[in-house]
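Please open the model in your viewer, with residue numbers switched on, and follow the stops below one at a time.

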Amino acid sequence: MLTNEKKTELYNCIMKQFPDPGLYRVLRVGEWLVTNGYSLNRLGYGSFREFAEDFSEMFSFQDDNNNEFIEIRRWQTGEKNMISSIDTQHPADSFFGSGSIILNDDIIEMTQQSLYALTKILANGYTVQQMKQEIYRKFDEAKTNGKLNFFGERYTFPIDYCPDGLLVNGIITKNLSPRGKSLYFAFDKTQIYRTSAPEYRKPPHAGSIPETDKDMLYKMLTDYFPCNKQYHMAAVSKFLSDRGIDRSKYGFFKMKEFLSELGFMKMEDTVLGGVPQVMITIIPRNGESDTVSTYTESPEPVRRVTESIDVNSVPGGRLTDFCNLPIKPMGILEKYLHDKGMKADFSIVVRSISEDYDRARAEGSVRIHDTKLIFPVRYLKEDGTRIELTLKPSTYEGKKWFLYYVDTVPHDRNAHFNDPGRQLESFAFLGSWSNFLTELAAKAVDEEWDFSSAPIKNHQILMQYIKYTFSRLMREKKVCISQDRQFAAFNTGLADNHYDDIYACFLPNDPDSGTEWKFIGFCTAASGGLGKQLVNYFNPLPLPPSYFKRNEDLFFDHTKQLHTDFEHIIIDNIKRLPLQFLYDQFFDNAEARQLVEDIRACGHDREERERRDEMFARLKNIIRDNSRLFMRIQNRLKDSIELARKRVRWNYKTAVPSYFPKRDSMSLMLPLALQDESRPDVALVVELTRSGSYQGQTILTLPQAYIDARLMCRITGDWLTPSQVVNTNSAEPDEDELEETE
């Protein structure tokens, strides 16, 4: 039995990590208690449910979550004691330095950029999420094997060796950011070599770069960067790093020293936009032209790509004799074939791709892309084109090549590009939407980014805002890409607490990826490393989107006539009308009323949504075949439209401007109160026609209306705010319905 003193102690501990009331995974709460030295055995309980039932002031299990989630409540008695202790301590003070620490997503901050960089250094081909799970596994392994060290206020543990044989350590420190989680992850490339590392991997004395390597680097660089032109050292450095050139292999710790030693580069220190920069010029070698024939002045990135090459230029013999086939890429291919109902036995797949390599080599269809070999196999993608395999040179002992990438995705990058809601994801790899939106919301002026009625707070409004803002910027050609295509950015249209514009920044993505760019962070001009790069690359800076072209886009003229497409609103958009409103209108039709009741009872899974759509289709037919019923609903809509016009006469701000991305048009929205005159249920979209009258085009649910209106500015009206927006249907719209505004 817990004493009140012990409850207060446990409450203070838990509230450091879970300060907000709500549902949390039991596993996470239990791990946090163990990390802080409070195991269930030590507390005298056999299960977490027993413990929670004894501490009912704070915990409550929900019967429908199978003991997986638990509700954490505010406990007034404990909260008073908690305030004094938490304000003066770091959340990790109670356990940092102990051997019982347990890592998970709730306790440690791992940035997308850091994880991505680690995958590149280790060359393991992992995704960011896989890399994170590998770090957790390595941490637990080090703790078990006694290799987890704590010194100087940080934990260190071995992760893996790089291709050059150097060990990479993981580092865990306290997170100094007040917004972040308790701990922060970083990594460090040590000077420790694996005992089996061959001699050629160990760095020679600094400055010792073999002439053969210099020749290789000169050719590689001049294929991409023409001679006698200036480039940022950062662009050259990234180019080499992306191609596996490791300066530490030659004994250099700084890229500038390494590049200086090559002998064919001229370096100049300069200041651009108030930021110190190193500019590089490649000097032609004796007897060589000052330009390179493979380079053309083009807005597209220049890459060394040969469509067809001589068969003697690629490795001969059986594929398995010179190429390793790692488990991960082979697993991707096997799973793809299995999902398509094809036989995916490992030995059969290996034999098939080996035969396909021999055929591609004989036909001259093996392509060279940078240092990679790419060839098609017999298996088809969903669009009917052949799956392609990519081989890369191996820096490990053994075979000289390894299977690096299995391309099973149709590479039509424009497939979604005409869809406004998909353009941003087609343009760049954003990482986790959750991390992307959380970072942007934290940087921007505080605002409600979820509707009050939303069961899950996941920045739904912000997601739709940034998608359609990007679409508008693409139409206006305001997405900026540097001349060397090494940096891209756009103005989000949002501002930070100092009202400085917030920009989204991107770097080139891996050539084998489905997008040309990858997101690296948000910034304000000239602030931090990204802000300085932004100023360096662009003048003027990327502009925000613009929408208004005339006064009519902003103000509703109540003296003009308004004609409404009632058939489209009532029949085609019946799902957007409130269920209770429909139920009330069907007072003399038992079949229609029963359908409304059945729709109201539907759940949210796919099967239930399909059943709901079928019942709405039946409702449409009932209304279409019953003219009296149609007129009854139409007359009620007319009454609410007239009330809305009166509201506009009383307050012109009642008509809210909105932008429709799919039609690239401006409209105004009027509130329609169908059940209670004091509370709008839907929004009527009206557009000014050439004749000078208004056309009532369609209706939107209030969440749809707010998302379309929020694109232009923060809403301060009297009827359309996130806290007031309530979807009056029993089934919340899914994401596609939120995006659909036609």
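Why does D383 count as partly exposed rather than as buried or exposed? In this predicted model, D383 has a relative accessible area of 41%, and because buried means under 20% and exposed over 50%, that value falls in between. To see the surroundings, select the loop between β15 (372-380) and β16 (386-393), which is where D383 sits. Then add T408 to the selection: T408 and D383 are 25 residues apart along the chain, and their C-alpha atoms are separated by 10.0 Å.

Next, select residues 460-475, which form helix α16. From the first C-alpha of α16 to the last, the 16 residues reach 23 Å, close to the 22 Å expected at 1.5 Å a residue. If you colour α16 by accessibility, you should find the helix mostly covered, with 14 of its 16 residues buried. Move on past the end of α16 to K477, a residue that follows the helix and has a positive phi, near 55°.

The last stop is an internal space. The model holds 4 cavities of 30 Å³ or more, and the second largest cavity has a volume of about 70 Å³. To display its lining, select R550, E552, D553, M666, S667, L668, V686, E687, L688 and Y694. Two elements, β25 (665-672) and β26 (682-688), each give two or more residues to this lining. Colouring the lining of the second largest cavity by residue class will separate 5 nonpolar residues, 1 polar residue and 4 charged ones.

How values were computed
Residues are numbered from 1 along each chain as its sequence is written. This is a predicted model: local features need pLDDT of at least 70, side-chain atom pairs count only at pLDDT 80 or more; totals for chains, interfaces and linings use all residues. Side-chain values use heavy atoms; hydrogens and water are left out. Helices (H or I, at least four residues) and strands (E, at least two) are DSSP runs, numbered from the N terminus. The expected span of a helix is 1.5 Å times one less than its number of residues. Buried means under 20% relative accessible area, exposed over 50%, partly exposed in between (1.4 Å probe, protein chains only). On a 1 Å grid over the protein atoms alone, a cavity is a set of points where a 1.4 Å probe fits but cannot get out, and a pocket is an open set with protein on both sides within 12 Å along at least five of seven lines; lining residues have an atom within 4 Å of a point. Grid points are joined across faces, edges and corners, and a volume is the space filled by probe spheres set on the points. Ala, Val, Leu, Ile, Met, Phe, Trp, Tyr, Cys and Pro count as nonpolar, Asp, Glu, Lys and Arg as charged, and the others, Gly among them, as polar.
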